[in-house]
Amino acid sequence: MTSKTSVITIDGPAGVGKTTLARRLAETLDISYLDTGAMFRTLALRLGLEAETMNEDAIANACAQYHFHLKGHGERTQLFVNEQLVGSEIRTEEVGMLASRLARIAPLRKALADMQRKLAETQPLVAEGRDMGTVIFPNARFKFFLDASPEVRALRRMRDAENHDRPTDLAKLTEQIRLRDVQDRTRAIAPLKAADDAICIDTSDKDIDQVLGLMLRHIDASGGSALFR
Ligand code: C5P
C-alpha cells in the first residue's frame, strides 16, 4: 500500500470558501496552509495574457524565474514569491479569470505542481485548489471537496469584496463565476473534480463554522488530529 502524505486537500470551485477553511483548519491543527490559487494568480499577474502565446520552452523558462515559499503557521501563514509577500493585488475576479485561462497551459501547471509538492516535502500542509486531491497529492491523508451553487458563491464573494471596500455587481460576478466554473471543469489537464476518495460537502446552506466542524469531526474520527500535532 502506498503511504499517505501529511497533507489535507481541499478542492472546489471559485468562491466556495476554500481559502477561509484552509486557513481555519491549519490554525486548529497548527500547521501551514497552501493557497495554490494564489500561486496561479501571482503568475497570471506577472506573466500576463502574453503567456498564452508563448511556446512551451519560453513559458517553462518564464515560470522558472519564480520561487514560492511559505512562512508561519495557521492563520498567520504567508505566501512569498521571490521573497516578496503575495498580497491583495491578486484578489480581483479579473485576475482570477486570467489565472483560470493560464491554468490550461501544461508547462505552467507542471512548474507549479513541482513547487507545490516540494513545499509539502518539508512540512505538513492543508493544500487548497482545484486538483490537490486528484493530481498533486493523490496520497493525501484527508481529502475534501466543497461545492455550492454559483449564486451562493457569488453572493459570498460580493460580501467579501464589500468588506474590503470593493463594491461589486452581483449579476456580473455570478456570470464571471459561472464562466470560470466551465473553464475549470472542462479543461483537458487537471480539470476541477472531486477525487474518488474525497469527502464531498455542499456548503450552500452552511456557514464556515459548520463546514469546519464537519471536516474536523471527520479528521478526528480517523485519529487524524493527532497525526498533525
Ligand atoms: O482558487 P482561485 O480562485 O484563487 O484560483 C484561481 C484560478 O487558478 C482558478 O480558477 C483555476 O483555474 C486556477 N487553479 C488551478 N489549480 C489550482 C488552483 C487554482 O487550476 N490548484
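**Exercise 1. Pairing of strand E2**

Task: In this predicted model, determine how many bridges join E2 to strand E6, and whether the two strands run parallel or antiparallel.

Solution. Step 1: Strand E6 covers residues 125–129, and 4 bridges connect E2 to this strand. Step 2: The two strands run parallel. Step 3: A single pair of residues illustrates the register, with Leu 34 standing opposite Ala 127 in E6. As background, strands of a sheet pair through backbone hydrogen bonds, in either a parallel or an antiparallel manner.

**Exercise 2. The sheet that contains E2**

Task: State the order of the strands in the open sheet of 5 strands, and explain why one side of E2 and of E8 is left without a neighbour in the sheet.

Solution. Step 1: The order is E2-E6-E1-E7-E8, and the pairing is parallel. Step 2: Strand E2 (32–35) and strand E8 (199–202) occupy the edges; each has a single partner strand, so one side of each lacks a neighbour in the sheet. Step 3: Ignoring direction, neighbouring strands of this sheet are turned by 20° against each other on average. Step 4: H2 lies across E2 and E6 and runs at about 45° to E2.

**Exercise 3. The sheet of 3 strands**

Task: Identify the edge strands of the open sheet with the order E3-E4-E5, and name the helix that packs on this sheet.

Solution. Step 1: The pairing in this open sheet of 3 strands is antiparallel. Step 2: Strand E3 (68–71) and strand E5 (84–85) are the edge strands, each pairing on one side only. Step 3: E3 is joined by 4 bridges to strand E4 (residues 78–81), and these two strands run antiparallel. Within that pairing, Leu 70 has Leu 79 in E4 as its bridge partner. Step 4: The helix is H2 (residues 36–47), which touches E3, E4 and E5; its direction makes about 30° with that of E4.

**Exercise 4. Positive phi in two loops**

Task: Locate Asp 30 and Asn 82 in the chain, and state the phi of Asp 30 and of Asn 82.

Solution. Step 1: Most residues other than glycine have a negative phi. Step 2: Asp 30 belongs to the loop between helix H1 (18–29) and E2; although not a glycine, Asp 30 has a positive phi of about 55°. Step 3: Asn 82 belongs to the loop between E4 and E5. The phi of Asn 82 is near 45°, again a positive value in a residue other than glycine.

**Exercise 5. The surroundings of the ligand**

Task: Describe the shell around the ligand by class of residue, and determine which element gives the largest share of that shell.

Solution. Step 1: The ligand is surrounded by 16 residues, and the closest are Arg 41, Arg 109, Arg 130, Arg 180 and Asp 184. Step 2: By class, the shell comprises 8 charged, 4 polar and 4 nonpolar residues. Step 3: Polar side-chain atoms lie 2.7 Å from a ligand oxygen atom in Arg 180 and 2.8 Å from a ligand oxygen atom in Arg 187. For Asp 184, an N or O atom of the side chain is 2.6 Å from an oxygen atom of the ligand. Step 4: Taken alone, the ligand exposes 460 Å², of which the protein buries 98%. Step 5: H2, helix H4 (93–102) and helix H8 (170–186) are the elements that give two or more residues to the shell. The largest share, 4 residues, comes from H2.

Conventions. Residues are numbered from 1 along each chain as its sequence is written. This is a predicted model: local features need pLDDT of at least 70, side-chain atom pairs count only at pLDDT 80 or more; totals for chains, interfaces and linings use all residues. Side-chain values use heavy atoms; hydrogens and water are left out. Two strands pair if DSSP finds at least two bridges between them. Contact means heavy atoms within 4.5 Å. Axes are lines fitted to C-alpha atoms, for helices over the stretch in contact, and angles run from 0 to 180 degrees between N-to-C directions. A residue is near a molecule or strand if one of its heavy atoms lies within 4 Å of it. A polar contact is a pair of N or O atoms within 3.5 Å; within protein, one must be able to donate a hydrogen and the other to accept it, and residues adjacent in sequence count only if both atoms are side-chain atoms. Accessible areas come from the Shrake-Rupley method with a 1.4 Å probe; for residues, only the protein chains shown count as cover. Ala, Val, Leu, Ile, Met, Phe, Trp, Tyr, Cys and Pro count as nonpolar, Asp, Glu, Lys and Arg as charged, and the others, Gly among them, as polar.
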